[in-house]
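The following paragraphs lead the reader through one molecular structure, element by element. Please keep the sequence and the three-dimensional view at hand while reading.

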Amino acid sequence: MRIYLVGGALRDRLLDLPVKDRDWVVVGATPGEMLDLGYRQVDAAFPVFLHPQTGEEYALARSETKSGPGYKGFEVECGPQVTLEQDLLRRDLTINAMAEDQQGNIIDPFDGRTDLDNGLLRHVSPAFVEDPVRLLRIARFAVKLGRWGFRVTHATHRLMKQMAASDDITALKPERVWQEMVRALGEPQPWRFFEVLHRCGALQQIMPELAQAMDVPAGHPKEEDSAPIAALKRVAVDGDAPLRFAAVFYHAVVEKGLKTPLLQGLRAEREYRDLLALTLTLAATYRGLSPSDAAGYMTLLQQGGGLQQPQRFMRGIDVCQALYPEEAEWQRQRIEQALKAATAVTAAELLAEGYQGAALGEALAQRRLQAVNTVVA
């Protein structure tokens with residue numbers, strides 16, 4: 001039995017990046033031998049085991065043969081007869097197809113170390129096209145490593161275009177698309193995920209509304225970013241993943257709202273959907289605000305529930321700023337002042353003055369409008 005460190009842990013260590021999870025390949029062993037050593041099998045149909053002490057994944061070396069459509073259409077062979085090189089051959093990119101033995105020697109049959117040095121995302125073999133999930137993975141690696149100059153090679157890009165045009169791409173599950181996209185949204189340059197998928201044609205297949213929003217109109221300078229990417233770049237400076245999601249998808253759904261097939265297809269978590277819905281509610285009013293329009297500011301506060309949930313409301317304003325940045329600096333300051341002024345007027349004060357029922361509501365609205373007017377006029 002021989003054990004090797006493989007995949008992302010080795011890649012990231014060679015790049016001097018933090019190593020989060022370690023994966024291992026075991027050559028020359030059987031499932032029974034692994035169980036006898038105390039390893040726990042994750043899935044009875046798959047040769048992956050958990051270490052009894054560390055909980056890290058140890059997979060028997062395996063080879064895969066395409067036998068059907070989609071990313072589950074493979075016949076898997078594992079056992080003592082499968083070599084390390086055969087296991088590495090089935091991997092997606094050369095930078096993920098290296099291994100390190102227990103003496104610290106690196107096994108690199110596909111020149112992954114050279115591609116690491118040159119900043120290249122290159123497929124290991126023509127079998128790359130057999131698994132449509134690899135479109136998502138290579139887009140995410142472009143995000144993870146793009147800030148260090150990593151780029152997809154021309155040969156790999158050609159294979160990605162071939163994959164995007166095949167029927168296999170329809171086998172991608174929404175849950176997997178969402179999983180890879182959320183991981184990309186958490187990286188410093190999340191826009192690369194969407195750009196890579198768009199250039200190869202995959203985005204048109206899995207998120208057609210976003211692909212259309214990212215298309216550059218005729219006569220538009222090609223060196224300029226599309227509206228979704230420009231908004232994403234602005235909010236990515238210090239915004240979290242839900243803010244980034246709302247910024248990049250706003251232009252894809254603004255005409256259809258939350259009923260668009262795109263959002264119904266994606267398995268977006270509630271926090272993400274809620275922030276996008278809030279942005280759709282606020283954006284038109286935000287864009288139409290004039291500096292001294294107290295009524296406009298009150299409308300914005302009411303639409304977004306600013307008096308009830310000020311923190312949530314201001315997150316929606318964060319997205320609006322990324323979408324329409326022309327006057328973002330002064331606009332945000334005035335919105336914050338309006339929110340503070342309106343919140344300072346309470347029903348308790350008016351109750352003490354004798355207002356009740358409908359008169360109380362009318363007086364409260366009038367006083368808040370007056371308060372806002374004093375700070376924005």
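The structure is a predicted model, and the walk through it may begin at Val26, a residue of strand β2. Because its relative accessibility is 1%, below the 20% limit, Val26 counts as buried. Once neighbours within four places in sequence are set aside, Val26 has contacts with Met1, Arg2, Ile3, Met34, Tyr58, Ala59, Leu60 and Ala61. Elsewhere in the chain, Gln321 stands 295 residues from Val26 in sequence, and 51 Å separates the two C-alpha atoms in space.

One of the partners of Val26 is Met1, which belongs to the segment before β1 (2–6). Is Met1 buried, partly exposed or exposed? With 47% relative accessibility, Met1 is classed as partly exposed. Apart from neighbours within four places in sequence, Met1 is in contact with Val26, Val27, Gly28, Ala29, Met34 and Leu37. Between Met1 and Leu84 there are 12 Å from C-alpha to C-alpha, with their positions 83 residues apart in sequence.

Strand β3 (residues 40–43) contains Val42. This valine is partly exposed, since its relative accessibility is 49%. Its contacts, leaving out neighbours within four places in sequence, are with Val48, Phe49 and Leu50. Val42 is also 8.8 Å from Glu57, C-alpha to C-alpha, the two being 15 residues apart in sequence.

Two loop residues deserve attention for their backbone geometry. Asp16, in the loop between α1 (8–14) and β2 (23–27), is not a glycine, yet its phi is positive, near 60 degrees. Asp16 is exposed, because its relative accessibility is 72% and the exposed class begins over 50%. Asp111, which lies in the loop between β9 (106–107) and α4 (112–118), likewise has a positive phi of about 60 degrees without being a glycine. At 48% relative accessibility, Asp111 is therefore partly exposed.

The next topic is the interior. In soluble globular proteins, nonpolar side chains tend to be buried together. In this model the largest nonpolar core holds 100 residues, and Met181, Phe194, Met207, Phe245 and Phe249 have the most contacts inside it. Helix α12 (residues 241–253) contributes the most to this core, namely ten residues. A second core, separate from the largest one, has twelve residues, among them Tyr4, Ala61, Val82 and Leu88.

What surrounds Phe194, beyond its neighbours within four places in sequence? Its contacts are Met181, Leu185, Leu203, Met207, Leu210, Met214, Ile229, Leu232, Val248 and Phe249. Two of these partners, Met181 and Leu185, are among the buried residues of helix α7, together with Val177, Trp178, Glu180 and Ala184. Helix α7 (residues 174–185) has twelve residues and spans 16 Å between its first and last C-alpha, close to the 16 Å expected at 1.5 Å a residue. Its buried residues pack against α5 (133–145), α8 (191–200), α12 and α14.

Helix α12 is also a packing partner for the buried residues of helix α16, as are α11 (227–235), α14 (270–288), α15 (294–303) and α17 (328–344). Helix α16 (residues 310–323) has 14 residues and reaches 20 Å from first C-alpha to last, close to the 20 Å expected for it. Which residues of α16 are buried? They are Phe313, Met314, Gly316, Ile317, Val319, Cys320, Gln321, Ala322 and Leu323.

How do α12 and α16 meet? They pack at an angle of about 50 degrees, and their axes are 9 Å apart. Because this angle falls outside the parallel, antiparallel and perpendicular ranges, α12 is oblique to α16. The crossing of α12 past α16 is right-handed. On the α12 side the contact is made by Pro242, Leu243, Ala246, Ala247, Tyr250 and His251, and on the α16 side by Arg315, Asp318, Val319 and Leu323. Of these, Val319 and Leu323 also appear among the buried residues of α16.

The walk ends in helix α19 (residues 357–376), where Asn373 is found. Its relative accessible area of 36% is the reason why Asn373 counts as partly exposed. Asn373 and Met298 are 75 residues apart along the chain, and their C-alpha atoms are separated by 9.4 Å.

Key
Residues are numbered from 1 along each chain as its sequence is written. This is a predicted model: local features need pLDDT of at least 70, side-chain atom pairs count only at pLDDT 80 or more; totals for chains, interfaces and linings use all residues. Side-chain values use heavy atoms; hydrogens and water are left out. A nonpolar core is a set of buried Ala, Val, Leu, Ile, Met, Phe, Trp, Tyr and Cys residues joined through side-chain atoms within 4.5 Å. Buried means under 20% relative accessible area, exposed over 50%, partly exposed in between (1.4 Å probe, protein chains only). Helices (H or I, at least four residues) and strands (E, at least two) are DSSP runs, numbered from the N terminus. Contact means heavy atoms within 4.5 Å. The expected span of a helix is 1.5 Å times one less than its number of residues. Axes are lines fitted to C-alpha atoms, for helices over the stretch in contact, and angles run from 0 to 180 degrees between N-to-C directions. Angles under 35 degrees count as roughly parallel, over 145 as roughly antiparallel, 65 to 115 as roughly perpendicular and the rest as oblique. A crossing is left-handed if the near helix is turned anticlockwise from the far one by less than a right angle, and right-handed if clockwise.
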